[in-house]
Structures are given as structure tokens and as C-alpha cells.
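Colleague: I am new to reading protein models and would love a short tour. Could you take me through this one?

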Amino acid sequence: EMGLQSVCDMACGHGAFLQELAQQGLHCYGVDISHIRAEASMLEQDDTSLCIKAGSVEQTGFADEMFDVVTIMECLEHVVDPFIVMSEINRILKKGGYIMATVPLHNHCDSSTHVRFFDMDALYSIAYLNGFTDIRIMALPYLYCNIEESNLLLIGKKT
């Protein structure tokens, strides 16, 4: 069994999550809208198993079916059309691969940069309508929020 080999973290920021995964021997890729963050994260490390580039989550520029897992954490609430982002994730994810996404539940941990709110049904719908199966969603506490169930975690499979 080949198992998990490649991960893409969309809206990866400075790439701290990917740096941890790269140390476990995974091939890690990230994309972030900020050229400054993307360039700084690549200058900070010399690991050839990690590549972070500047770009949009709507059009990453990665090849079709390139990744075993795609993560997108605390991003979908910021984008104009999350359906387009989910479609892009489906495109770059290998068959049998997994998506892992997190978003705030409703308007918990609200921010002026949030352009939409999610509940379980809305999050499920955009994953389902983009062809993901075995979709699981659970409510979790968010790190910087004192409400117990303030975040949603979605895991889905591309079949």
C-alpha cells in the first residue's frame, strides 16, 4: 500500500502546518494569496519536500489529480464563491483522495473579512455538489473562541 504521500494546503499562510507534515516525510505543497507570505516561507526552509507558491484558491495552477489530501482551513468563509474553490479542490485531488476543510459555524468568531456564514447543511451541500462522497461534518471548538461548538470540520472523499 502506497498510502499518503502528497498534501496540498490551500490558503496555507506561512506554511507552518506543511512544515510539520514535511518533517514526517510527506511531499507538501501550499498556495496562499499573499506573495509575501509564500516567498518568506520558502526562504525560511530548505526542505525539498515542501513547495509553497503565491496564487489563488480558485485557480491553484497545480496539475489534475496531483494530491492524496487537500486541506483548506479557515478560508471558505473568505471567498466569494466557495463552489469554485471546491471544484478546484476536486480537480487537483487524486481519485480516492480526501478533502479536509474547516470553517466557522454561523457567525461565531466573526471577522470583517468573512463574506459568508456556514452551517452543516451549507458546507455539506458544496462538498456533495462537487462530487465528494463519504462526507462527514462535525462541530468543534475553535482555538481562539470560547464557544464550545464554534467551528465545523468537513472530511470528504473523491471517488
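Modeller: Happily! A residue is called buried under 20% relative accessible area, exposed over 50% and partly exposed in between, using a 1.4 Å probe and protein chains only. This is a predicted model, where local features need pLDDT of at least 70 and side-chain atom pairs count only at pLDDT 80 or more, while totals for chains, interfaces and linings use all residues. Residues are numbered from 1 along each chain as its sequence is written, and side-chain values use heavy atoms, leaving out hydrogens and water.

Colleague: What share of the 159 residues is buried?

Modeller: The count covers the whole protein, with its 159 residues. Buried residues make up 43%.

Colleague: In what order do the strands of the open sheet lie?

Modeller: Strands (E, at least two residues) and helices (H or I, at least four) are DSSP runs, numbered from the N terminus. Two strands pair if DSSP finds at least two bridges between them. The pairing in this open sheet of 7 strands is mixed, and the order is β3-β2-β1-β4-β5-β7-β6.

Colleague: Which strands are the edge strands?

Modeller: An edge strand here pairs on one side only. That description fits β3 (50-54) and β6 (132-140).

Colleague: Which residue in β3 is the bridge partner of Val31?

Modeller: Strand β2 spans residues 27-32 and pairs with β3 in the parallel sense, over 5 bridges. For Val31, the bridge partner in β3 is Lys53.

Colleague: Which strands does helix α4 touch?

Modeller: Contact means heavy atoms within 4.5 Å. Helix α4, residues 120-129, packs on the sheet, and the strands touched are β5, β6 and β7.

Methods:
Axes fitted to C-alpha atoms, helices over the stretch in contact; angles between N-to-C directions.
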